[in-house]
Structures are given as C-alpha cells and as structure tokens.
Amino acid sequence: MTEKTALYPTAAELGRLRAVAVGAEKPDLVVRGGLVQSPGTEEWLERDILVAGRHIAALTPWGHVPPTDGLDEIDASGSHVVPTFIDAHLHIEYTNLTPGELARLSVARGTGTVLTDPNGAANVWGAAGMDVLLTTTTPLHVFQQVSPKTPGSPTLERGGAVIPEEVVRGRLWDDVTTNLGEGNPFDYGEESTGRFREALVAGRRITGHTAAQTNESLWGYLAAGVGDDHNSATIDEVLERVRLGAMITVMGASLTDNTVPIFSDLEKVAPALRGLCFCADDKHALDLHTEGHIDHHVRQAIRFGVDPQLAYRMATTQPAAYYRLDQVLGVLAPSRLADLQIIPVLAEVRPSVVIVEGRVAARDGVALFENTDVLPEWTTGTVHLPEVLDPAMFALRAPDATAPDATAPDAPAAAAPDAPAATVRVRAMEMYKGYFKRAFEAELPVVDGLVQSDPANDVLKIAVVDRHHGEATTGLGFVKGFGLSRGAIAITMNCPNMNIAVVGVDDADMLQAVEELRAMGGGFVTVADGEVVGRVPLPVGGMMSAAPFEETAVALRLGHEATHALGCTIPSPYIILSFVGLYVIPDLGVTELGLIDTASQSFVDVLLPGPVDRCGHDGTHEGAHDGAHGDGDRS
C-alpha cells in the first residue's frame, strides 16, 4: 500500500539531499550522460541525475560530478531519461494478476505507478479485499481510487459484499487515496451527490465513466465535480470533455484501444493534447505481456505523429500534476523520488534500465525482484453455488401461442389451445466498440416450449449467475457478437458484481461451464460438445492468479485459441464477456436479477411484447423461467 506521505523525504533525507546537491556529500548513484526530460519545460536537457537514497538530489550539467572510485554510476549516454510511467486508471483484478505479479510484468516495461479502483475485490471480499489489491512488497506504487458503491445498485443486483457508505467516505481521506472511483453516470441520488461532495472536500479527484454521454447528460455528470474520463473513444468526445475542463485518460485496454481513433487525426485533436494522460483500465495479462502497459500508449502516440517529448509527458508529468502526485513522482526534479527509466530509442519505448526509489528494479525488460507477497487464506474459495445445479436454470419458456380469430376472413387453422409459439421476439444486445451494447429485437426459435439461441444469426443466450450466496439466482438475456457456432464460455468476473457470466449455444454446455468454474475455484472456461476445451484458473477471488504472470498469459492464449476454434471472432472473449452484463453502459445490461435498460436503470422483459418495467424471468430454477418477473418490488 502506497501512502503518499511516506514517499516524501524525511527531515534527515532532506538534509542529505541538500548536502549532495551543494557538493558537500557524495551521491549514492549518478545516472550519467543522458538527455533528461525537463521537469518544467518541454526540453531534453544534457544533465546528470544525482541520487541520494530514495530521492533525486540534483540535475547537474554533464560531468559536473567527476567519476570517483566507489561512486555507483549508470551510463545513459545516447539515451533519454524519463520518469517511470503512471497508469491513471486500472482495475488490477482485470489483469488477472495479483499486485506482485503485475509489478513483475509492468515495472520492467516502465510503469511504476498505478491508480487502481478495486471494485471487483470490493464486491467479492468487502473493504478488506480492497486493501489486498492495494498491497504489495514489490517496487510498484499502488494508489487507491475508492470504489464508490458496493453493490452498485441494491435494487438492480444483489451482488456480493456490502460496503457501508461511511466506509467509502472515510477512505476518501486515506493517505493512499488519489480519487473517488468511477460511479454510475445515471445515478442522481442524494447519496451519490454527498459522496461527490466528500471527495471534493477531501481534495480528491473524481474519476468519470461518461459512457458516451453528450450535451445535457454529460453536463449533469461533470457538474457533480467529475474531473476525468477514460471512456472517450472519438476525437469529438475528447474535445467536448477537455473543453469542459476534464482530463482524458486515454484507454488502451483488452476491451478496446482508444489510442487509434484519438491519435488518428493529430491536427483535429491538437487542442486537447496537453489534457491527456493514459490508462489500461481493463487489460489482461496476455495483452500486457505481448503488447505492453503504458509503454504501448506512448508507442502509439509517437507512431501517429505526436512529438516524443509530449508523448512521454502524457505518461508522466501530465497525470502526476493532475492527480496531485507531482511533489513525489512523475517528474525528474530535486526532492522527488528517483523513479526513472533509461530509454535507448524513444519511439520503441523499451527501457534498458528501470530505477524505483533509487534502486535498479529491472534491466532490458526483466524484473530484478521477486514477488514474495503472501495472500490471506480467505482470498480463495470464493465460488459459492448449490451442491447440485438445476439443469433448468438457463431455460426460458415461451408464452403460449394465441389462437387466431376463426371468424376473420381467410383465417388460418386455429392452433390448439395453449400450444407453444414456434418463434418469439426478444430484446437483445449487440456488442460494438469493445464493450458497448446496442439494443435490438430478434426472432428466436422455440423448441419444446423453450426459447433457443440462434447461432446461425449469432444471437446467443447469456446468463448471469449469483456465485456469492450459494443460491445460483440467474438472470437471462440474449447477445450478438460472440460468433460461437457451438459450445459455451463462462467466467467468474461479471462486472461489477463478479458473478458468473456464461454465454452459449445450448443450455447443456452452459451448465457444464458453470460446473467447471466451481471445480476450478473461479476463472475462465470454454466448453464444446460436453468437453472442457479451454480453462484459465483464477482462484484468487475468482479474478486473479498468484502464479507467475508468464503462466497466466499462456493459459489466456490457449483459452482464447480454444474459443476462437468454436467460431468466436472477439480477440479477447473472456474479458468482453465480463462487460456484457454491465448495466451502466448503454443500452442493456444483465444481473443475476434480470435484464436492465441502462438509460432508465430499470428491469425490462426479455420477451416481446412485455411490460417494460419487468424482467423476463424470476431468477428461480423450479422448471423453466416463464417470461414474467416474479417480484414486482425489484422493478
């Protein structure tokens, strides 16, 4: 856990820094001969960096301190020297790595600081779990973006743990906190308004999740004091928000990479460039390993023509200043932490040396430290399901067909009373731009009275299953975009409540996938024709693996390959599945309680026509869901 106050120099350290700066004492380390990113101007300076203990004592002209026997030196000649990178918004859970394993992967690539919203951990373990996600003995600085509400909506989901409002507000004053985490942009309640006020008074930034809003809806969100946004996916969205004073944290995630559309027209986006920083948000271990962390963003910016000086500042000085960390990190300046990296080729963004708090932490992309973090025993064994799952838990019963009026001219032969319909119309959602969902209507076949998926038209059943309370309460919907021709995929990471989400062609494979998740203790699984063909064990909270990140990356690659072999066209299907249920992203979402219209934040019927304020089933498993909500109080 990184407490900002502890990163400032002590009085004794300040005294030594001053002594080294004036030449009265020798530094512990000299980074010599590099072109150093200026802390206050957009220049590359010919400077040596004098380090005393954890901090920078001075930036001096090359050779000002002559080589001396016993003086520790690192030669940066021919290279540029920049601060370590800052990820301005990350959910560590979605890396599928524990904090210590994330550090082994990311510090070696130059990312030394992450601002994390542990909303998944909050839902699984409560406040104690949030602390687990903030704690590591490795040289990675982890600051907290306080998860604003757990569960996100007590009327739309049951969720896992419940965190009292006073705990949320109290954490805003913690020294480890930089932000209030991302909240529901459609929540105008008194409680959320009070939370925004508490964050402002505590001097914390408020993280935004603007969900493609514009005009009045956007203005109403920013009027609450929300100051940044990581959802902007177009230049127009970026400009609209920056012109309203917001910082844009450009997302490069496994869900979608916004560096491409945002930097594709530099002339158009130019007015906003000094209002940008970077975040990974939701990026799993495989993509972090193969593509990179914040180094990827910098490479992309330079590739599209951003001046390297500015691209590196977007990853360092700009987020440090905005999130009020620049007195300790993010700039190479006297009294700041000696968190820096040596970059041989600016455009490649591959550090030869990474230094954290004055010590070499990585060389040539390899961490020089071990992950010795010990996790509490209670962080595993978090998948709680009934001993026997009901085979009908995913069944959705079609309404009875209505007999035609036999007196009408040219009337067809009357159907038998109570005969099931041959097809039904349903509300469904289509994935686009990564995790956004567009509502549409679909005609689906009915077999033996039960509504079926339609793989030929890529409309598949999706279910969200409670895994916290041992009851397997289940909500159903239909989704287009996964492309499965057979089988099912399932995860224990439905956002934000970390329930099970499963999408599939047939109920039998969906049921087997859920059973396999129980056996693994959580993670990702792919099933086809009754056989498990891909698995990614994530036993830590059903979200993460404590195994070396290399092993988790391989498991993800194999799981993706198995899923793609079933016809799935999504590059990272497991993490996209995590967000199908999210009910703060337009147009629809699904929780264990039912299908939700995100604009109205209310339940709607899966079957059409149907009451717009009711979901299409009651969440029970006695026979098939009958197309009507069993508890009107939820609507």
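Me: What makes strand E1 and strand E2 (residues 44–52) an antiparallel pair?

Reply: This is a predicted model, and in it seven bridges join E1 to E2, with the strands running antiparallel. Two strands count as paired if DSSP finds at least two bridges between them, so with seven bridges E1 and E2 qualify. One of the facing pairs is Val30 with Leu50 of E2.

Me: And what joins E1 to E2?

Reply: A hairpin does that, through six residues.

Me: How do you know that E1 pairs with strand E4 (residues 72–75)?

Reply: Same kind of check: the cut-off is at least two bridges, and E1 and E4 have four, so they pair, in the parallel sense. Val31, for instance, has Ile74 in E4 as its bridge partner.

Me: Why is E1 called paired with strand E5 (residues 80–83)?

Reply: There are two bridges between them, and at least two are needed, so E1 and E5 count as a pair. Their sense is parallel, and Val36 has Val81 in E5 as its bridge partner.

Me: What makes E1 (residues 29–37) "mostly covered"?

Reply: A residue is buried when its relative accessible area is under 20%. Eight of the nine residues in E1 are buried, so "mostly covered" fits the strand.

Me: Why is helix H18 (residues 573–580) said to be largely enclosed by the rest of the structure?

Reply: Because eight of its eight residues are buried. Those of H18 are Pro573, Tyr574, Ile575, Ile576, Leu577, Ser578, Phe579 and Val580.

Methods: Residues numbered from 1 in each chain as written. Predicted model: local features only at pLDDT ≥ 70, side-chain atom pairs only at ≥ 80, totals over all residues. Heavy atoms only, no water. Buried < 20%, exposed > 50% of the residue type's maximum accessible area, 1.4 Å probe, protein only.
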